[in-house]
Structures are given as structure tokens and as C-alpha cells.
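Thanks for coming, everyone. I'll walk through one model, region by region. Please have the structure open and turn it as I go.

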Amino acid sequence: MAPHSNLYTSEVEYDPTDPPGYRGAMVHLTKAEGGSELAVKLFHLPPGEMLCPYHYEYVEEWLLLLSGELDLRSPDPTERLEAGAVACFAAGPDGAHQVTNPGTEPARFVMFSSAREPSVAVYPDSGKVGVWVPGANFMFREAEGKVPYYDGEV
């Protein structure tokens, strides 16, 4: 049996295609542990970086902050999360969220969501809709059709 993942020591990988401001590293714990029902991902977010554009999905998501701090943007005023914080993002527009690392140290956190596909995410700042199907994803903007993932993001 292979060793299990560890929230504090598991290796995370950066995606070299992420633009400045969105450079975080991740390991997909669901895949590492052989799961299938939940999408569980461990993130390592350097200071000054954001996880992804402001968005909401049509399933509930959860965040567990292990170390560091995060600024949580949501429909409510932005709030500072400290190590140990747990946040639940409701399905739909009320659960819109984005996290940024405002600190001087990396933040390490886990996100929990559904692994079911197809799934849909809405990006209010850029007017995009993302659709994930098994093995592929697509980003659309009304009247423009398919666009790149970070298109229109600040």
C-alpha cells in the first residue's frame, strides 16, 4: 500500500500556465487517495497570489485553512481568515468567493467540493461561464463564444 497524503508535507505542483497573480500550487488529494465522490484539493498559495478568479458554482464548497492567512472575498464584506478557519460557500450566487494571500508567508488550505461532472461555474467579474465535462473544460462568454480561462480577469 502506498503512503497516504499528508496535509502538511505532501508535495504540491505549480501550473506553469497560470498568470501572475494566480500562481498557486496544488495536489489533487482525491486522485492521490483513490477517491471519486468528493473533489478534495490541497493548495499552497504564496503571498500576494489569488487561488482563482471570483466565482460561484452550483454545488456547495468548503475551505479549511491549515496555515497562513487568507482574505476571503464574498458577497459579504471581505474578511481575513486565520489558520484554523473553516468557510462554507453555498451553491449559487450567494456562495461566490475568491481567496488572496495578504500575508508574508505561504498559506496552505484544503478545498472540498463535488467531483461530479458535468459541472458549471460562473465568473461574475468577467461575465464568463465555465463548463467541466469528463476530460475537458470550456469557458464561454455571451456573444463571444469560447474564451481562455483567465480572459477578462484583473
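Start at Ala143, in the loop between E13 and strand E14, residues 145–146. One reminder before I go on: this is a predicted model. Is Ala143 buried or exposed? Ala143 is exposed, at 85% relative accessibility. Now look at its backbone. Phi of Ala143 is near 70°, a positive value, and the residue is not a glycine.

Stay with the backbone for a moment. Which peptide bond is cis here? The one from Glu117 to Pro118, with omega near 10°. Pro118 sits in the loop between E10 and E11.

Next, the largest pocket. Its volume is about 1,200 Å³. Its lining has 38 residues, and the closest to the pocket centre are Met26, Lys41, Phe43, Trp132 and Tyr149. Which elements give two or more residues to that lining? There is one helix in the list, H1, residues 29–33. The strands are E2 at 25–28, E3 at 38–45, E10 at 107–114, E11 at 119–123 and E13 at 136–141. E10 gives the largest share, four residues. And the chemistry of the lining? It divides into 17 nonpolar residues, 12 polar and nine charged.

On to the aromatics. The structure holds six aromatic pairs. Take Phe43 with Phe109. Their rings are stacked, 5.4 Å centre to centre, with 20° between the planes. Find them on the chain: Phe43 is in strand E3, Phe109 is in strand E10, and 66 residues separate them. So this pair links distant parts of the chain. How exposed are the two partners? Phe43 has 10% relative accessibility, so Phe43 counts as buried. Phe109 is buried too, with a relative accessible area of 0%.

Now a second pair, Phe138 and Phe140. Why does this pair count as stacked? Because the planes of Phe138 and Phe140 are at 25°, and the ring centres are 6.3 Å apart. The cut-off for stacked is under 30 degrees. Phe138 is partly exposed, with a relative accessible area of 28%. Phe140 is partly exposed as well, at 34%.

There is also an aromatic cluster. Its members are Tyr22, Tyr123, Tyr149 and Tyr150. Tyr149 you have met already, among the residues closest to the centre of the largest pocket. Tyr123 has a charge over its ring: the charged end of Lys128, 5.6 Å from the ring centre. Another charge sits elsewhere. Arg73 lies over the face of Tyr54, at 3.7 Å from the ring centre.

Cysteines next. How many disulfides are there? Zero. Why is Cys52 without a bond? Because the closest cysteine sulfur, in Cys88, is 16 Å from the sulfur of Cys52, and that is too far. The cut-off for a disulfide is 2.5 Å between the sulfur atoms. Turn it round, and Cys88 is in no disulfide either, with the sulfur of Cys52 as the nearest, 16 Å away. Their surroundings can be given too. Cys52 counts as buried, at 13% relative accessibility. Cys88 counts as partly exposed, at 40%.

Last, two residues and their partners in space. Ala90 lies in the loop between strand E8, residues 86–89, and strand E9, residues 98–100. Ala90 is partly exposed, with a relative accessible area of 37%. How far is Ala90 from Glu61 in space? The C-alpha atoms are 6.7 Å apart, for a sequence separation of 29 residues.

Then Leu66, in strand E5, residues 61–67. Leu66 is buried, with a relative accessible area of 15%. Its partner here is His97, 31 residues away along the chain. Their C-alpha atoms are separated by 18 Å.

That's the tour. Questions, please.

Terms used: Residues are numbered from 1 along each chain as its sequence is written. This is a predicted model: local features need pLDDT of at least 70, side-chain atom pairs count only at pLDDT 80 or more; totals for chains, interfaces and linings use all residues. Side-chain values use heavy atoms; hydrogens and water are left out. On a 1 Å grid over the protein atoms alone, a cavity is a set of points where a 1.4 Å probe fits but cannot get out, and a pocket is an open set with protein on both sides within 12 Å along at least five of seven lines; lining residues have an atom within 4 Å of a point. Grid points are joined across faces, edges and corners, and a volume is the space filled by probe spheres set on the points. Ala, Val, Leu, Ile, Met, Phe, Trp, Tyr, Cys and Pro count as nonpolar, Asp, Glu, Lys and Arg as charged, and the others, Gly among them, as polar. Rings of Phe, Tyr and Trp (its six-membered ring) pair if their centres lie within 6.5 Å; planes under 30 degrees apart count as stacked, over 60 as edge-to-face and the rest as tilted. Buried means under 20% relative accessible area, exposed over 50%, partly exposed in between (1.4 Å probe, protein chains only). A charge sits over a ring if NZ of Lys or CZ of Arg is within 6 Å of the ring centre and within 35 degrees of the ring normal.
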